[in-house]
Amino acid sequence: MSDNARPPAPAVVPANFQSFLGFDFGAKRTGVASGNRLLRTASPQATIKAEGADARFAQVEARIKEWQPDALVVGVPYHPDGAPHENTRRAQKFARQLRGRFNLQVFEVDERYSTTEALASGARDADAASACIILEQFLRSLP
């Protein structure tokens, strides 16, 4: 396993970073959640339904302008044993593209089972619910 394929290490987040947008990346749908450090909770936002990078990033840009987050959080999936797979690489690429396009710090979170958890909770929009789970996991990890 290469170094960039390992589950992300706990993030060192500057104390002045208070608001975040979280993403559950998918090729056709990308779940979105907004959250803040103070409450350590996340709220689902409308899922981005776009195929292709240009359409997806146009919608991401609109969300960033609307919410003006201090940083972004991207869920990165792994197999149960921690091994990477094709969607691991896709989510990591999405995170790199976010950094490059929007000049914001992007934190990666191991998001194994977030969609399963969202579906088990009866979420109407599993993608947005997964983004909430990912972002809340990240927020709970902050000091």
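Visitor: How many of the 143 residues of the protein chain count as buried?

Guide: In this predicted model, 46% of the 143 residues are counted as buried. The word applies to a residue with under 20% relative accessible area.

Visitor: What makes Phe57 count as buried?

Guide: Its relative accessibility is 2%, and the cut-off is under 20%, so Phe57 counts as buried.

Visitor: And why is Phe94 called buried?

Guide: Phe94 has a relative accessible area of 0%. That is under 20%, so the residue is buried.

Visitor: Why is the pair of Phe57 and Phe94 called stacked?

Guide: Let's take it in two steps. The ring centres are 5.6 Å apart, and a pair needs centres within 6.5 Å, so the two rings pair. Their planes stand at 25°, and under 30 degrees counts as stacked, so stacked is the right word for Phe57 and Phe94.

Visitor: Which parts of the chain does that pair link?

Guide: Phe57 sits in helix 1 (residues 53-67) and Phe94 in helix 2 (residues 86-102), with their positions 37 residues apart in sequence. Both also belong to a cluster that ring pairs build from Phe23, Phe25, Phe57, Phe94 and Phe102.

Visitor: How many aromatic pairs are there?

Guide: The count comes to 6 aromatic pairs. One of them joins Phe20 and Phe138.

Visitor: What makes the pair of Phe20 and Phe138 edge-to-face?

Guide: Centre to centre the distance is 5.2 Å, which is within 6.5 Å. The angle between the planes is 70°, and over 60 counts as edge-to-face, so that name fits Phe20 and Phe138. Phe20 belongs to strand 1 (residues 19-24) and Phe138 to helix 4 (residues 126-140), so this pair ties together parts 118 residues apart in sequence. Phe20 and Phe138 are both buried.

Visitor: What pattern does the protein chain follow along the sequence?

Guide: Reading along, you meet β-β-β-α-β-α-β-α-α, made up of 4 helices and 5 strands.

Visitor: How do you know that the protein chain is as compact as a globular protein of that length?

Guide: We set its radius of gyration, 14 Å, against the 15 Å that the globule rule gives for 143 residues. The two values are close, so the chain is as compact as a globular protein of that length. Along the principal axes, the C-alpha atoms fill a box of roughly 35 × 35 × 35 Å.

Visitor: What share of the contacts with a separation of 6 or more comes from residues 24 or more positions apart?

Guide: Such residues account for 63% of those contacts in the protein chain.

Notes: Residues are numbered from 1 along each chain as its sequence is written. This is a predicted model: local features need pLDDT of at least 70, side-chain atom pairs count only at pLDDT 80 or more; totals for chains, interfaces and linings use all residues. Side-chain values use heavy atoms; hydrogens and water are left out. Helices (H or I, at least four residues) and strands (E, at least two) are DSSP runs, numbered from the N terminus. The radius of gyration is taken over C-alpha atoms; the globule rule is 2.2 Å times the number of residues to the power 0.38. Buried means under 20% relative accessible area, exposed over 50%, partly exposed in between (1.4 Å probe, protein chains only). Contact means heavy atoms within 4.5 Å.
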